[in-house]
Amino acid sequence: MQQSGGASETEVTWDDQQNINKFGRLNNRLHELEDEIKIAKEANENFEDASNELILTDEEVVRFQIGEVFAHVPKDEVETRIEKMQETTAKHLEKLNDEKESIVAQMAELKKILYAKFKDSINLEED
Amino acid sequence: MATSSSASSLSPPQSGGAMVAERRGIPAASFVEDVQVYLNQLGLDVNSTLAFLQERLQQYKVVEMKLLAQQRDLQAKIPDIEKCLDVVSTLQAKKGTGETLLTDFEVSEGIYSRARIDDTDSVCLWLGANVMLEYSCEEATSLLQKNLENAKASLEVLVGDLQFLRDQVTITQVTTARVYNWDVHQRRVRQASTSQDS
């Protein structure tokens, strides 16, 4: 009996289902990561701008935002604080990028496996 | 009711990834080994099955909206707590030196006023519900730390719930597709056999 394309009889096993689920989870995490990376990059840029402004200003006391208030902080201390915050953000950004790379690799692996089994019956591309 | 019994009877746990019947009130989507067997067990025809699966999807969507809203709230709360911790630690650092801290704070939108904060041992924390309590700096730090850890733990659990939920949505969508394909296949088989007979 011929089977025209479309309604194929490929059975979906529990392993396949788990792979599909994993792909969905990774895809979601990837989108979240991209947003987080964007925010971290913006924060980095802001720190850059802030430290540039700091070099240009000739005031000795700078109003530095801590929490919801602006505390009067001597320029040196502000410099130290901004450097520390820049370091933290840079490390955070690196961690995010590493996670993103790993997720992209895992997703490519899963795509290979799932397309091999289901060929046309499955669509794993971004719409 | 067919729904709750089928969740546990239909899918025995296979190697890797055991199935849970439900998680914190979210019913698990039962994985379907064989569409024919599934339809027989449900005792419904194809259209009713598809309708049931669609209904399940809607229910999942509702729960997902609720969880996403909770997640957004927590994600806003955590930076707030971190900012408070920052302020308290700054006050503590200043404590030893005896300098007064000058700050500008917002009185109203666009209007700021200057405050002079002398050496102090205590801070007041806003606990919500129009309640504000005075704490020593150390107590305040430990309370804020505890709140921060609780918030982060709740967020983790929430993220786990959301992942579980999305898995169930995926399973339900795949099941819907398979039931539909099976139905198309059955019709084709029937058409082929009736055209052979005639």
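Tutor: Let's start with accessibility: buried means under 20% relative accessible area, exposed means over 50%, and partly exposed lies in between, using a 1.4 Å probe and protein chains only. This is a predicted model, where local features need pLDDT of at least 70 and side-chain atom pairs count only at pLDDT 80 or more. Residues are numbered from 1 along each chain as its sequence is written.

Student: Okay, so why is A:E11 called partly exposed?

Tutor: A:E11 has a relative accessible area of 35%, and partly exposed covers what falls between under 20% and over 50%.

Student: What makes B:R178 and A:E11 a salt bridge?

Tutor: A salt bridge needs a side-chain nitrogen of Lys or Arg within 4 Å of a carboxyl oxygen of Asp or Glu. Here the N to O distance is 3.2 Å, so the pair fits the definition.

Student: And why does that pair join two chains?

Tutor: B:R178 lies in helix α4 of chain B, while A:E11 sits in the segment before α1 of chain A, so the pair joins two chains. Helices here are DSSP runs (H or I, at least four residues) and strands are too (E, at least two), numbered from the N terminus.

Student: How do you know that B:D104 counts as buried?

Tutor: B:D104 has 8% relative accessibility, and buried means under 20%.

Student: Which residues does B:D104 pair with?

Tutor: B:D104 forms a salt bridge with A:R63, with the closest N and O atoms 2.7 Å apart. The side chains of B:D104 and B:R114 also meet in a salt bridge, at 2.9 Å, N to O.

Key: Chains lettered and ligands numbered in written order. Heavy atoms only, no water.
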